[in-house]
Amino acid sequence: MSILNELGKKLNLVLKHFDLRLDRIGDEKISINDYSYFPKTRSWLETVGISTLQEQLIQDEPAFADILLSFSQYSECFEAIPLYNNGDDTCPYWINDWLPGLDAVSIYGLLATNNPSVYFEIGSGISTMFAKRAIEDHYLSTRIMSLDPEPRASIDVICDDLIRLPCEEVPISLFENLPGDMVFFVDSSHRAFQNSDVTVFFTEILPSLPEGCVWGLHDIELPYDYKSDVRDRYYNEQYLLAAYLLGGGGDDNIHLPNAFISSRLKLVNIIRENIFTSKYFDGVKKHGTCFWMTRECS
């Protein structure tokens, strides 16, 4: 890494003459920009916009509590899921690096309580395993549609429909006739650039989603800014979501904001006392960062 840093310094000396700067070097990629960028976590709750959003979430806490309590009926099913990878590539497990406990519960719970005709994912992996487990445990009629060019996990065998292309290369017509009872989950690059998956979702796919469907994004910290531990990943997806919400959100209703829920003592107690009810879950991360909404077309 020291060699890369030295190389970066030398490149910046050259680029300085052209009013350019090397922003990052590493991970086999470099980025040269004409404006310096210094990501840091901002104190959003001191601002008018985000504080208004937080007030709305606080008002909706009883509704979030009711949804969490509805998931408690599956606590025995949750305890039957392994804590660790048992070698079965199609079996979910609680202690993993990608999907914390509350997020896994929300995917499983939304499917088990609603029995949607379709569960559509952009970005697949352990989330797909939890979805499939809910389908199998409760004999749901849900079809799994998986859109991911290269899933991390070997989940093709548990999906019904496979789209192995980047999101930005899929015809928008695919999203125009999806059923209104579906659950739609996006866990993609988390970065909005020209022709990136996040940009395509917000500008082209989201407006096409049918009224009544539940849709969600992963790795959303709202009403808080991104934490410093993801600073170097350059996530910016939730800024588009914040702008969408502050602009009216197309009349969509916030269903489950898991990061907010994870910060509220009463809601956290519901999770601990009604969902993760035994010592079996002691090592499981019980927070979440899924942000679920219900689509309402004005």
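Q: Two strands pair if DSSP finds at least two bridges between them. In this predicted model, in which sense do strand E6 and strand E7 pair, parallel or antiparallel?
A: Let us start with the bridges: E6 (residues 183-186) and E7 are joined by 4 of them, and the definition asks for at least two. One place to look is Val183, which stands opposite Val214 in E7. The sense of the E6 and E7 pairing is parallel.

Q: What is the hand of the β-α-β crossover from E6 to E7?
A: After E6, the chain passes through helix H7 (residues 197-205) before it reaches E7. On the way to H7 there is a loop, and Asn195 lies in it. Phi of Asn195 is near 65°, a positive value in a residue other than glycine. As for the crossover itself, its hand is right-handed.

Q: Which residue of strand E9 is the bridge partner of Gly216?
A: E7 also pairs with E9 (residues 291-294), through 4 bridges. This pairing runs in the antiparallel sense. Within it, the partner of Gly216 is Trp292.

Q: Are the residues on the two faces of E7 buried or exposed?
A: In a regular strand, side chains alternate between the two faces of the sheet. For E7 (residues 214-217), one side has Val214 and Gly216, while the other has Trp215 and Leu217. Both faces are covered, and these four residues are all buried.

Q: Which strands stand at the edges of the open sheet?
A: The sheet has 7 strands in the order E5-E4-E3-E6-E7-E9-E8, and its pairing is mixed. An edge strand here has a single partner, so one side of it is left without a neighbour in the sheet. The strands in that position are E5 and E8 (253-257).

Q: Which residue in E4 is the bridge partner of Glu121?
A: E3 and E4 (residues 143-147) run parallel and are joined by 5 bridges. Follow Glu121 across to E4, and the partner you find is Ser146.

Q: What angle does the direction of helix H5 make with that of E9?
A: H5 packs on the sheet, where it touches E3, E6, E7, E8 and E9. Its direction can be set against that of E9, and the angle comes to about 25°.

Q: Is Asp161 buried or partly exposed?
A: You will find Asp161 in strand E5 (residues 161-163). Its contacts beyond four places in sequence are Arg143, Ile144, Met145 and Ser146. The C-alpha atom of Met145 is 4.6 Å from that of Asp161, although the two are 16 residues apart along the chain. Because its relative accessible area is 25%, and buried means under 20%, Asp161 counts as partly exposed.

Q: Are H3 and H5 roughly perpendicular or roughly parallel to each other?
A: Helix H3 (residues 61-71) and H5 (residues 101-114) have axes 9 Å apart and pack at an angle of about 80°. The contact brings Leu68, Ser70 and Phe71 of H3 to H5 residues including Leu102, Val105 and Leu110. Its residues divide into 5 nonpolar, 4 polar and no charged. An angle of 65 to 115 degrees counts as roughly perpendicular, so H3 and H5 are roughly perpendicular.

Q: What is the angle between helix H2 and H3?
A: H2 (residues 48-59) brings Leu57, Ile58 and Gln59 to Glu61, Pro62 and Phe64 of H3. By class, this contact has 4 nonpolar, 1 polar and 1 charged residues. The two helices are oblique to each other, with axes 4 Å apart and an angle of about 55°.

Q: Which residue follows Leu222 across a cis peptide bond?
A: Look in the loop between E7 and helix H8 (237-246). The bond there that starts from Leu222 is cis, with omega near 10°. The residue it leads to is Pro223.

Q: Is Asn236 buried or partly exposed?
A: Asn236 also has its place in the loop between E7 and H8. Beyond its neighbours within four places in sequence, it is in contact with His190, Arg191, Ala192 and Tyr226. Its relative accessibility is 17%, and therefore Asn236 counts as buried.

Q: What percentage of the residues in the protein chain is buried?
A: The chain has 10 helices and 9 strands. Among its contacts with a separation of 6 or more, residues 24 or more positions apart account for 71%. Of the 298 residues, the buried part is 48%.

Technical notes:
Residues are numbered from 1 along each chain as its sequence is written. This is a predicted model: local features need pLDDT of at least 70, side-chain atom pairs count only at pLDDT 80 or more; totals for chains, interfaces and linings use all residues. Side-chain values use heavy atoms; hydrogens and water are left out. Axes are lines fitted to C-alpha atoms, for helices over the stretch in contact, and angles run from 0 to 180 degrees between N-to-C directions. Angles under 35 degrees count as roughly parallel, over 145 as roughly antiparallel, 65 to 115 as roughly perpendicular and the rest as oblique. Contact means heavy atoms within 4.5 Å. Ala, Val, Leu, Ile, Met, Phe, Trp, Tyr, Cys and Pro count as nonpolar, Asp, Glu, Lys and Arg as charged, and the others, Gly among them, as polar. Buried means under 20% relative accessible area, exposed over 50%, partly exposed in between (1.4 Å probe, protein chains only). A crossover is right-handed if, with the strands pointing away from the viewer, the path from the first strand over the helix to the second runs clockwise.
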